[in-house]
Amino acid sequence: MEFKDYYRILGVEPDAETKDIKTAYRKLARKYHPDLNPGEEAEANFKEVAEAWEVLKDSERRAEYDELRKYGGRQEQFRPPPGWQQAGHGEHFSGDFSDFFNAIFGADLRREGAWAGGVDRGGQDVEIEMPVFLEETVSDCQKPVEYEIPVLEGNQLRHRRKSLKVKIPAGVTDGERIRVKGQGAPGSGSGAPGDLYLHIRLVPHPVFDVEGHNLLVTVPIAPWEAALGARVVIPTLEGRISLSVAPGSQSGQKLRVRGKGLAGRSGRGDLIALLKVVMPPQTDAATDPLWQELADKAAFDPRAEWSKQS
Amino acid sequence: MTTSTVTITLEEFCSSQGVSRTALLEMVEYDVVQPTGGHGEQDWKFDCSSVQWAKRALRLKRDLELDWVAVAILVDLMRERESLARENEQLRLRLQRFLAGE
């Protein structure tokens, strides 16, 4: 196995004082802590740093390590010296440490609490991302989920695939978590299994935007529809409805359709139709004269505010 | 079909892997996680995300050797950052839609 140079990992001299080692550890922990830095690389770095600190913070453990370092630090492949007593004295470490650490301080997989035979311990919780379409949130829905759980087979930690159908309650929101009891990793002994957590991610919709429990839909309208008023058909999560646009409507104006938004624990939100006046994509010989006539007859300066200032 | 829940009780929370009752009560005291509804502890309910935040808080407290006040501030800021990131993403999508076709 590989010899771990804990001093190098923490970037300190072998004769450094504990308080300096602590400072070095805390700086690196801040830099690599998996809860502050996403990504597997940070997690791997943090494990090394935490392991180094676990050994060097304890004067007895550090002394043992220093002895070994004299003996094995220069070898390519580290083997504990013959007759080396595992110095862990049955200590329990809750962390996830390297083979090197386990060989010296004696916490191998079997002895590690989570998997210890005869110890009743709850199984791990498992969390997975669960994409949900907006349409599915309106009422309770059933979704298949597939995930992996860690299980101990013999002394080997393996991953087993699991699949379930889960009822997703109506009104789930983006970023929310829901819990499926007892569907996490199995416990050891008579320990209860862990839970499965589904981290809800609302899939971006091609038409609707989400704002709290309200939905927004941009409704393109022609200039004459804005001017004269119109009935336009707009989509909702459950089919189309007809919406009345008042004469003289403006681009950016919002029309509220009550109860057609997302489901929430305290009733449904609203659908907000945002009007957007759009021009025909091309000019057209038949309509150009009409626009010209409108320009001549309508006494309208949309930039009147600016003219006043200059 | 397996049913799911959106909230978790105090008892269930404490039986959750790695969260002791003492630690949970401390986290409630320092506002790291907040129960919703209920007058007494036995009626407390937490939203399920609280479990992940509680575990995260405990890891940060242990690994960075922080006190509860620091953990509470950190978790608060992390939650706020997460919700701002989500809001930012939603606004970005809206902007994209608004600019499309211009």
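Helix 4 of chain B lies across strand 6 and strand 7 of chain A, and it runs at about 145° to strand 6 of chain A. This placement comes from a predicted model. The two strands underneath are partners: strand 6 of chain A is joined to strand 7 (residues 214–221) of chain A by 4 bridges, and the pair runs antiparallel. One spot to look for on screen is Glu211(A), which stands opposite Asn214(A) in strand 7 of chain A.

Zooming out a little, strands 6 and 7 belong to an open sheet of 4 strands in chain A, with the order 6-7-13-10 and mixed pairing. Strand 6 (208–211) and strand 10 (254–257) of chain A sit at the edges, each pairing on one side only. On average, neighbouring strands of this sheet are turned by 30° against each other, direction ignored. So much for the sheet; the contact between the chains comes next.

That contact takes 34 residues from chain A and 26 residues from chain B. On the chain B side, the elements that give two or more residues are helix 3 (49–63) and helix 4 (68–99). Helix 4 of chain B gives the most to this side, with 7 residues, and this is the helix that lies across strands 6 and 7 of chain A. As for chemistry, the chain B residues that touch chain A divide into 8 nonpolar, 10 polar and 8 charged.

Turning to chain A as a whole, there are 8 helices and 13 strands. Of its 310 residues, 22% are buried. Among the contacts in chain A with a separation of 6 or more, 53% are between residues 24 or more positions apart.

Helix 2 (residues 18–32) of chain A is worth a closer look. At 1.5 Å a residue, its 15 residues should span 21 Å, and the end C-alpha atoms are indeed 21 Å apart, so expectation and model agree. The buried residues of helix 2 of chain A are Ile21(A), Ala24(A), Tyr25(A), Leu28(A) and Tyr32(A). These residues are on the same side of helix 2 of chain A because they cover an arc of only 100° around the axis. What covers the buried residues of helix 2 includes helix 1 (6–10) and helix 3 (40–56), both of chain A.

Key:
Residues numbered from 1 in each chain as written. Chains lettered and ligands numbered in written order. Predicted model: local features only at pLDDT ≥ 70, side-chain atom pairs only at ≥ 80, totals over all residues. Contact = placed C-beta atoms within 7 Å. Nonpolar A, V, L, I, M, F, W, Y, C, P; charged D, E, K, R; others polar. Pairing = 2+ DSSP bridges. Axes fitted to C-alpha atoms, helices over the stretch in contact; angles between N-to-C directions. Buried ≥ 20, exposed ≤ 12 C-beta atoms within 10 Å, placed from the backbone. Expected span 1.5 Å × (residues − 1). Arc of directions from axis to C-beta.
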